[in-house]
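Let's take a walk through this protein together, one piece at a time. Have a look at the sequence and the 3D view first.

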Amino acid sequence: MQFSPSVSKLQESQTIAAAKKAKELKAAGKTVYEFTLGEPDFNTPDHICEAAIQAMRAGKTHYTPAGGTPELKKAICTAALRDYQLQIDPSQVIISNGAKHSIHNVLSVMCSPGDEVLIPTPYWVSYSALVELAGGIPIEIFTTEEQGFLPSVEQIAEKVTGRTRMVMLNSPCNPTGVVFPVALLKAIGQLAVEHDFYILSDEIYDKLIYPGAETACMMTLGSEIAERTILVNGVSKAYAMTGWRIGWTIGNPEMIKMIDKLQSQQTSNPCSISQAASVAALTGPQDCVAEMLKAFTARRAFVLDRLRAIPGCSFVEPGGAFYAFFKVSDYFDRPLQGGVKVSNSSDFCTALLEQGQVALVTGDAFGAPGYVRLSFATDMATLEAGLDRIAAFLAG
Ligand SMILES: *Cc1c(COP(=O)(O)O)cnc(C)c1O
(Lines give C-alpha, C1' and ligand atoms only; values in the text may rest on other atoms or scores of the structure.)
Protein backbone atom coordinates (compact mmCIF):
# COMPACT_ATOMS: atom_id res chain seq x y z
CA MET A 1 0.00 0.00 0.00
CA GLN A 2 1.12 3.54 -0.59
CA PHE A 3 0.85 6.17 2.09
CA SER A 4 1.47 9.88 2.29
CA PRO A 5 5.21 10.61 2.46
CA SER A 6 4.88 12.91 5.47
CA VAL A 7 3.24 10.24 7.63
CA SER A 8 5.26 7.33 6.22
CA LYS A 9 8.52 8.87 7.34
CA LEU A 10 7.11 9.76 10.77
CA GLN A 11 8.59 7.67 13.61
CA GLU A 12 6.38 6.21 16.29
CA SER A 13 6.81 8.09 19.57
CA GLN A 14 9.69 6.23 21.26
CA THR A 15 8.40 6.83 24.78
CA ILE A 16 5.07 5.27 23.86
CA ALA A 17 6.89 2.44 22.03
CA ALA A 18 9.06 1.71 25.08
CA ALA A 19 5.98 1.57 27.31
CA LYS A 20 4.30 -0.77 24.84
CA LYS A 21 7.21 -3.19 24.98
CA ALA A 22 7.13 -3.22 28.78
CA LYS A 23 3.39 -3.88 28.70
CA GLU A 24 3.88 -6.82 26.33
CA LEU A 25 6.38 -8.41 28.72
CA LYS A 26 3.96 -7.85 31.60
CA ALA A 27 1.14 -9.44 29.62
CA ALA A 28 3.41 -12.45 29.10
CA GLY A 29 3.51 -12.86 32.88
CA LYS A 30 6.87 -11.18 33.59
CA THR A 31 7.43 -8.66 36.37
CA VAL A 32 8.55 -5.36 34.86
CA TYR A 33 9.73 -2.31 36.76
CA GLU A 34 8.27 0.43 34.64
CA PHE A 35 9.86 3.88 34.45
CA THR A 36 9.02 4.86 30.90
CA LEU A 37 5.82 6.82 30.85
CA GLY A 38 5.65 10.54 31.35
CA GLU A 39 2.52 10.79 33.42
CA PRO A 40 1.67 11.16 37.10
CA ASP A 41 0.71 7.84 38.70
CA PHE A 42 -1.93 9.59 40.85
CA ASN A 43 -5.59 9.47 40.00
CA THR A 44 -7.33 12.73 39.14
CA PRO A 45 -8.39 14.46 42.40
CA ASP A 46 -11.98 13.76 43.52
CA HIS A 47 -13.36 17.29 43.25
CA ILE A 48 -12.32 17.40 39.58
CA CYS A 49 -13.99 14.05 38.81
CA GLU A 50 -17.07 15.28 40.68
CA ALA A 51 -17.26 18.36 38.42
CA ALA A 52 -17.22 16.06 35.40
CA ILE A 53 -20.11 14.00 36.77
CA GLN A 54 -22.04 17.20 37.50
CA ALA A 55 -21.39 18.41 33.96
CA MET A 56 -22.79 15.20 32.48
CA ARG A 57 -25.87 15.40 34.71
CA ALA A 58 -26.37 19.04 33.73
CA GLY A 59 -26.45 18.05 30.07
CA LYS A 60 -23.06 19.47 29.11
CA THR A 61 -22.84 16.66 26.62
CA HIS A 62 -23.18 18.65 23.41
CA TYR A 63 -20.72 20.28 21.05
CA THR A 64 -19.05 23.36 22.47
CA PRO A 65 -17.43 26.09 20.36
CA ALA A 66 -14.58 24.47 18.37
CA GLY A 67 -11.97 26.47 20.30
CA GLY A 68 -13.37 25.63 23.74
CA THR A 69 -15.98 26.96 26.17
CA PRO A 70 -16.00 30.59 27.36
CA GLU A 71 -15.95 29.20 30.95
CA LEU A 72 -12.67 27.36 30.45
CA LYS A 73 -11.06 30.26 28.59
CA LYS A 74 -12.04 32.54 31.45
CA ALA A 75 -10.70 30.05 34.01
CA ILE A 76 -7.35 30.01 32.18
CA CYS A 77 -7.22 33.81 32.30
CA THR A 78 -8.12 33.82 36.01
CA ALA A 79 -5.45 31.22 36.79
CA ALA A 80 -2.82 33.18 34.80
CA LEU A 81 -3.58 36.23 36.90
CA ARG A 82 -3.53 34.25 40.17
CA ASP A 83 -0.35 32.29 39.41
CA TYR A 84 1.69 34.79 37.37
CA GLN A 85 0.02 38.19 37.73
CA LEU A 86 -0.37 37.82 34.00
CA GLN A 87 -3.22 39.74 32.41
CA ILE A 88 -4.61 37.94 29.37
CA ASP A 89 -7.88 38.08 27.48
CA PRO A 90 -9.99 35.08 26.34
CA SER A 91 -9.39 36.19 22.72
CA GLN A 92 -5.76 35.12 23.29
CA VAL A 93 -6.72 31.58 24.34
CA ILE A 94 -7.71 28.40 22.48
CA ILE A 95 -8.38 24.97 23.98
CA SER A 96 -7.22 21.80 22.22
CA ASN A 97 -7.18 18.03 22.82
CA GLY A 98 -4.09 18.04 25.02
CA ALA A 99 -0.95 20.15 24.86
CA LYS A 100 0.50 17.87 22.18
CA HIS A 101 -2.41 18.83 19.95
CA SER A 102 -1.86 22.49 20.88
CA ILE A 103 1.78 22.26 19.78
CA HIS A 104 0.84 20.55 16.53
CA ASN A 105 -1.72 23.23 15.73
CA VAL A 106 0.66 26.10 16.53
CA LEU A 107 3.29 24.61 14.22
CA SER A 108 0.67 23.94 11.53
CA VAL A 109 -0.53 27.54 11.38
CA MET A 110 2.88 29.17 11.90
CA CYS A 111 5.19 27.19 9.60
CA SER A 112 5.53 27.66 5.88
CA PRO A 113 7.44 25.00 3.93
CA GLY A 114 11.14 25.33 4.68
CA ASP A 115 10.74 27.43 7.81
CA GLU A 116 13.34 26.61 10.44
CA VAL A 117 12.44 25.79 14.01
CA LEU A 118 15.22 25.83 16.59
CA ILE A 119 15.10 23.05 19.19
CA PRO A 120 17.67 22.79 21.99
CA THR A 121 18.60 19.19 22.86
CA PRO A 122 17.68 17.11 24.78
CA TYR A 123 14.08 17.72 23.70
CA TRP A 124 10.69 16.09 24.04
CA VAL A 125 10.26 13.29 21.47
CA SER A 126 7.40 14.88 19.58
CA TYR A 127 8.97 18.29 18.87
CA SER A 128 11.02 17.44 15.81
CA ALA A 129 8.39 15.04 14.46
CA LEU A 130 5.66 17.68 14.69
CA VAL A 131 7.84 20.36 13.06
CA GLU A 132 8.45 18.03 10.11
CA LEU A 133 4.79 17.14 9.88
CA ALA A 134 4.02 20.87 9.64
CA GLY A 135 6.48 21.23 6.75
CA GLY A 136 9.15 22.96 8.81
CA ILE A 137 12.77 22.00 9.34
CA PRO A 138 13.87 21.16 12.89
CA ILE A 139 17.29 22.65 13.68
CA GLU A 140 18.84 21.04 16.74
CA ILE A 141 20.95 23.05 19.14
CA PHE A 142 23.17 20.54 20.87
CA THR A 143 23.73 21.00 24.60
CA THR A 144 25.83 18.91 26.98
CA GLU A 145 25.60 17.82 30.58
CA GLU A 146 28.63 20.03 31.31
CA GLN A 147 26.63 23.10 30.30
CA GLY A 148 23.74 21.91 32.46
CA PHE A 149 21.77 20.89 29.37
CA LEU A 150 21.10 24.59 28.81
CA PRO A 151 21.77 26.24 25.45
CA SER A 152 23.73 29.49 25.55
CA VAL A 153 22.25 32.52 23.75
CA GLU A 154 25.32 32.49 21.50
CA GLN A 155 24.58 28.91 20.47
CA ILE A 156 21.05 29.88 19.51
CA ALA A 157 22.15 33.08 17.77
CA GLU A 158 24.59 31.07 15.63
CA LYS A 159 21.70 29.08 14.18
CA VAL A 160 19.45 32.03 13.39
CA THR A 161 18.94 32.56 9.64
CA GLY A 162 16.46 34.42 7.46
CA ARG A 163 14.24 31.32 7.65
CA THR A 164 14.12 31.04 11.44
CA ARG A 165 10.47 31.00 12.44
CA MET A 166 10.63 30.05 16.10
CA VAL A 167 12.50 28.42 18.94
CA MET A 168 10.84 25.72 21.05
CA LEU A 169 11.56 25.95 24.77
CA ASN A 170 10.46 23.59 27.52
CA SER A 171 11.13 24.66 31.10
CA PRO A 172 11.00 22.56 33.22
CA CYS A 173 12.26 20.22 30.54
CA ASN A 174 11.23 16.73 29.57
CA PRO A 175 13.50 14.65 29.56
CA THR A 176 16.13 16.41 31.74
CA GLY A 177 13.99 18.17 34.37
CA VAL A 178 16.25 21.18 33.88
CA VAL A 179 14.68 24.59 34.46
CA PHE A 180 15.84 27.55 32.41
CA PRO A 181 17.12 30.44 34.57
CA VAL A 182 15.12 33.65 34.17
CA ALA A 183 18.13 35.53 32.76
CA LEU A 184 18.55 32.93 30.01
CA LEU A 185 14.84 33.04 29.11
CA LYS A 186 15.08 36.84 28.90
CA ALA A 187 18.15 36.72 26.71
CA ILE A 188 16.52 34.23 24.33
CA GLY A 189 13.40 36.41 24.31
CA GLN A 190 15.47 39.45 23.40
CA LEU A 191 17.12 37.53 20.58
CA ALA A 192 13.66 36.65 19.26
CA VAL A 193 12.62 40.30 19.37
CA GLU A 194 15.81 41.39 17.54
CA HIS A 195 15.56 38.77 14.81
CA ASP A 196 11.78 38.68 14.53
CA PHE A 197 11.07 35.07 15.40
CA TYR A 198 8.70 33.48 17.89
CA ILE A 199 9.15 31.48 21.08
CA LEU A 200 6.96 28.46 21.58
CA SER A 201 7.15 28.03 25.34
CA ASP A 202 5.90 24.63 26.50
CA GLU A 203 5.22 25.16 30.21
CA ILE A 204 3.35 21.92 30.88
CA TYR A 205 5.48 21.24 34.01
CA ASP A 206 5.15 24.76 35.46
CA LYS A 207 3.44 23.46 38.63
CA LEU A 208 6.13 20.85 39.26
CA ILE A 209 9.14 22.88 40.33
CA TYR A 210 11.27 21.75 43.29
CA PRO A 211 12.38 23.95 46.17
CA GLY A 212 15.41 26.02 45.22
CA ALA A 213 14.80 25.97 41.46
CA GLU A 214 13.63 29.14 39.78
CA THR A 215 12.26 29.81 36.35
CA ALA A 216 9.61 32.11 34.90
CA CYS A 217 6.58 32.15 32.70
CA MET A 218 7.89 33.40 29.36
CA MET A 219 4.94 35.78 28.98
CA THR A 220 5.86 37.72 32.10
CA LEU A 221 9.24 38.89 30.77
CA GLY A 222 8.14 42.22 29.35
CA SER A 223 5.66 43.24 26.66
CA GLU A 224 8.07 42.90 23.72
CA ILE A 225 8.92 39.32 24.61
CA ALA A 226 5.27 38.53 25.48
CA GLU A 227 4.21 39.59 21.97
CA ARG A 228 6.62 37.05 20.49
CA THR A 229 5.63 34.27 22.91
CA ILE A 230 3.25 31.41 22.18
CA LEU A 231 2.50 29.74 25.49
CA VAL A 232 1.36 26.12 25.66
CA ASN A 233 0.09 24.47 28.82
CA GLY A 234 -2.54 22.00 29.98
CA VAL A 235 -4.00 20.02 32.87
CA SER A 236 -2.25 16.68 32.19
CA LYS A 237 0.79 16.97 34.43
CA ALA A 238 -0.27 19.46 37.13
CA TYR A 239 -3.62 17.84 37.94
CA ALA A 240 -2.92 14.21 36.97
CA MET A 241 -5.36 14.49 34.05
CA THR A 242 -3.46 12.91 31.15
CA GLY A 243 -6.43 10.88 29.95
CA TRP A 244 -8.82 13.83 29.82
CA ARG A 245 -6.98 15.45 26.90
CA ILE A 246 -7.14 19.16 27.58
CA GLY A 247 -4.37 21.57 26.64
CA TRP A 248 -4.31 25.18 25.49
CA THR A 249 -2.42 27.86 23.62
CA ILE A 250 -2.08 31.49 24.66
CA GLY A 251 -0.88 33.95 22.06
CA ASN A 252 -1.65 36.61 19.51
CA PRO A 253 -5.44 36.75 18.82
CA GLU A 254 -4.85 36.56 15.05
CA MET A 255 -2.94 33.31 15.45
CA ILE A 256 -5.59 32.02 17.85
CA LYS A 257 -8.23 32.67 15.16
CA MET A 258 -6.20 30.68 12.64
CA ILE A 259 -5.96 27.74 15.03
CA ASP A 260 -9.69 28.04 15.71
CA LYS A 261 -10.38 27.80 11.98
CA LEU A 262 -8.08 24.78 11.67
CA GLN A 263 -9.68 23.08 14.63
CA SER A 264 -13.20 23.73 13.31
CA GLN A 265 -12.35 21.58 10.28
CA GLN A 266 -10.09 19.13 12.05
CA THR A 267 -11.37 17.97 15.46
CA SER A 268 -14.18 20.38 16.44
CA ASN A 269 -14.26 20.99 20.18
CA PRO A 270 -12.23 19.14 22.82
CA CYS A 271 -14.40 16.89 25.04
CA SER A 272 -17.12 19.01 26.70
CA ILE A 273 -16.95 17.05 29.96
CA SER A 274 -13.16 17.32 30.18
CA GLN A 275 -13.46 21.05 29.67
CA ALA A 276 -15.87 21.33 32.61
CA ALA A 277 -13.50 19.23 34.73
CA SER A 278 -10.60 21.50 33.75
CA VAL A 279 -12.51 24.56 34.97
CA ALA A 280 -12.76 22.84 38.37
CA ALA A 281 -9.06 21.95 38.26
CA LEU A 282 -7.97 25.53 37.54
CA THR A 283 -10.37 27.42 39.77
CA GLY A 284 -10.88 24.89 42.61
CA PRO A 285 -8.63 24.25 45.62
CA GLN A 286 -4.97 23.90 44.63
CA ASP A 287 -3.75 21.80 47.59
CA CYS A 288 -3.90 18.64 45.44
CA VAL A 289 -1.06 20.12 43.35
CA ALA A 290 1.04 20.78 46.45
CA GLU A 291 0.39 17.26 47.75
CA MET A 292 1.51 15.63 44.52
CA LEU A 293 4.57 17.87 44.38
CA LYS A 294 5.44 16.75 47.92
CA ALA A 295 5.33 13.10 46.88
CA PHE A 296 7.43 13.83 43.78
CA THR A 297 9.94 15.74 45.94
CA ALA A 298 10.52 12.69 48.19
CA ARG A 299 10.84 10.34 45.21
CA ARG A 300 13.23 12.69 43.47
CA ALA A 301 15.51 12.83 46.53
CA PHE A 302 15.51 9.03 46.77
CA VAL A 303 16.27 8.47 43.08
CA LEU A 304 19.04 11.08 42.95
CA ASP A 305 20.71 9.64 46.07
CA ARG A 306 20.69 6.17 44.57
CA LEU A 307 22.06 7.39 41.23
CA ARG A 308 24.83 9.36 42.94
CA ALA A 309 25.99 6.12 44.53
CA ILE A 310 26.46 4.45 41.13
CA PRO A 311 29.84 5.31 39.54
CA GLY A 312 29.60 7.12 36.21
CA CYS A 313 25.82 7.64 36.21
CA SER A 314 26.09 11.41 36.22
CA PHE A 315 23.19 13.78 35.68
CA VAL A 316 22.11 17.39 35.98
CA GLU A 317 19.85 17.81 39.02
CA PRO A 318 16.29 18.12 37.80
CA GLY A 319 14.77 21.39 39.04
CA GLY A 320 11.32 20.36 37.91
CA ALA A 321 9.15 17.69 36.24
CA PHE A 322 9.52 14.03 37.32
CA TYR A 323 12.46 12.64 35.39
CA ALA A 324 16.05 11.70 36.10
CA PHE A 325 18.15 11.82 32.94
CA PHE A 326 21.48 10.10 33.52
CA LYS A 327 24.57 9.04 31.65
CA VAL A 328 25.16 5.37 30.89
CA SER A 329 27.85 5.68 28.22
CA ASP A 330 30.58 4.81 30.77
CA TYR A 331 29.07 1.32 30.71
CA PHE A 332 29.27 0.80 26.97
CA ASP A 333 31.52 -1.97 25.64
CA ARG A 334 32.11 -3.66 28.96
CA PRO A 335 30.41 -6.71 30.48
CA LEU A 336 27.16 -6.02 32.29
CA GLN A 337 24.85 -8.44 34.09
CA GLY A 338 24.79 -11.82 32.35
CA GLY A 339 27.93 -10.84 30.41
CA VAL A 340 26.05 -8.72 27.86
CA LYS A 341 27.79 -5.79 26.21
CA VAL A 342 26.10 -2.80 24.61
CA SER A 343 27.41 0.16 22.66
CA ASN A 344 24.50 2.62 22.64
CA SER A 345 21.61 3.75 24.83
CA SER A 346 18.92 1.97 22.84
CA ASP A 347 20.68 -1.41 23.17
CA PHE A 348 21.33 -0.56 26.81
CA CYS A 349 17.59 -0.17 27.44
CA THR A 350 16.77 -3.40 25.61
CA ALA A 351 19.38 -5.34 27.61
CA LEU A 352 18.25 -3.79 30.88
CA LEU A 353 14.67 -4.78 30.15
CA GLU A 354 15.63 -8.34 29.22
CA GLN A 355 18.24 -8.93 31.95
CA GLY A 356 16.95 -6.73 34.75
CA GLN A 357 13.26 -6.34 33.92
CA VAL A 358 13.59 -2.58 34.21
CA ALA A 359 12.10 -0.32 31.53
CA LEU A 360 13.74 3.07 30.81
CA VAL A 361 13.65 5.27 27.71
CA THR A 362 16.76 5.67 25.57
CA GLY A 363 18.29 9.14 25.34
CA ASP A 364 18.47 8.63 21.57
CA ALA A 365 14.73 9.39 21.54
CA PHE A 366 15.47 12.87 22.90
CA GLY A 367 18.46 13.71 20.75
CA ALA A 368 20.87 12.79 23.57
CA PRO A 369 22.84 9.62 22.87
CA GLY A 370 24.61 8.05 25.84
CA TYR A 371 21.84 8.90 28.30
CA VAL A 372 18.61 7.29 29.54
CA ARG A 373 15.45 8.71 31.09
CA LEU A 374 13.90 7.37 34.27
CA SER A 375 10.44 8.65 35.18
CA PHE A 376 9.96 8.73 38.95
CA ALA A 377 6.21 9.23 38.64
CA THR A 378 5.69 5.87 40.27
CA ASP A 379 5.45 4.48 43.81
CA MET A 380 8.42 4.21 46.19
CA ALA A 381 8.41 0.40 46.34
CA THR A 382 8.78 0.17 42.56
CA LEU A 383 11.51 2.82 42.62
CA GLU A 384 13.44 0.96 45.33
CA ALA A 385 13.26 -2.39 43.56
CA GLY A 386 13.99 -0.81 40.17
CA LEU A 387 17.08 1.04 41.37
CA ASP A 388 18.43 -2.10 43.05
CA ARG A 389 18.09 -3.84 39.73
CA ILE A 390 19.71 -1.05 37.74
CA ALA A 391 22.68 -1.08 40.16
CA ALA A 392 22.98 -4.88 39.88
CA PHE A 393 22.77 -4.75 36.09
CA LEU A 394 25.56 -2.19 35.91
CA ALA A 395 27.75 -4.02 38.44
CA GLY A 396 27.90 -6.93 35.96
C1 LIG B 1 3.30 15.46 28.57
C2 LIG B 1 3.88 16.55 27.76
C3 LIG B 1 3.09 17.32 26.88
C4 LIG B 1 1.69 17.01 26.45
O5 LIG B 1 0.77 16.74 27.32
P6 LIG B 1 -0.74 16.49 26.88
O7 LIG B 1 -1.12 15.27 27.64
O8 LIG B 1 -0.83 16.31 25.41
O9 LIG B 1 -1.46 17.70 27.35
C10 LIG B 1 3.68 18.38 26.22
N11 LIG B 1 4.98 18.68 26.38
C12 LIG B 1 5.75 17.96 27.20
C13 LIG B 1 7.16 18.35 27.34
C14 LIG B 1 5.24 16.86 27.90
O15 LIG B 1 6.06 16.13 28.67
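**Two domains and a ligand**

Let's start with the overall layout: the protein is assigned a domain 1, covering 5-43 + 288-395, and a domain 2, covering 46-283; such bounds come from an automatic or database domain assignment. Keep in mind that this is a predicted model, where local features need pLDDT of at least 70, side-chain atom pairs count only at pLDDT 80 or more, and totals for chains, interfaces and linings use all residues. Residues are numbered from 1 along each chain as its sequence is written, and side-chain values use heavy atoms, with hydrogens and water left out.

Taken over C-alpha atoms, the centres of domain 1 and domain 2 are 26 Å apart. How do the two meet? On one side 38 residues of domain 1 are in contact with 35 residues of domain 2, where contact means heavy atoms within 4.5 Å. The size of an interface is often given as the accessible area lost when the parts come together. Here domain 1 and domain 2 bury about 2,800 Å² between them, with 67% of it on carbon and sulfur atoms; that is the accessible area (1.4 Å probe) that two parts lose on being put together, summed over both.

What about charges and polar atoms? The rule finds zero salt bridges across the interface of domain 1 and domain 2, a salt bridge being a side-chain nitrogen of Lys or Arg within 4 Å of a carboxyl oxygen of Asp or Glu. Polar contacts do turn up, though: 13 residue pairs between the domains, both residues at pLDDT 80 or more. A polar contact is a pair of N or O atoms within 3.5 Å; within protein, one must be able to donate a hydrogen and the other to accept it, and residues adjacent in sequence count only if both atoms are side-chain atoms.

Now for the ligand. Among the residues around the ligand are Gly98, Trp124, Asn170 and Asp202, each with a heavy atom within 4 Å of it. Ala99 has a backbone N or O atom 2.6 Å from an oxygen atom of the ligand. Tyr205 uses its side chain instead, with an N or O atom 2.7 Å from a ligand oxygen, and a side-chain N or O atom of Arg245 also lies 2.7 Å from an oxygen atom of the ligand.

Finally, back to salt bridges. Side chains of opposite charge can pair when their charged atoms come close. The count comes to twelve salt bridges, and one of them joins the side chains of Arg228 and Asp196 at 2.5 Å, N to O.
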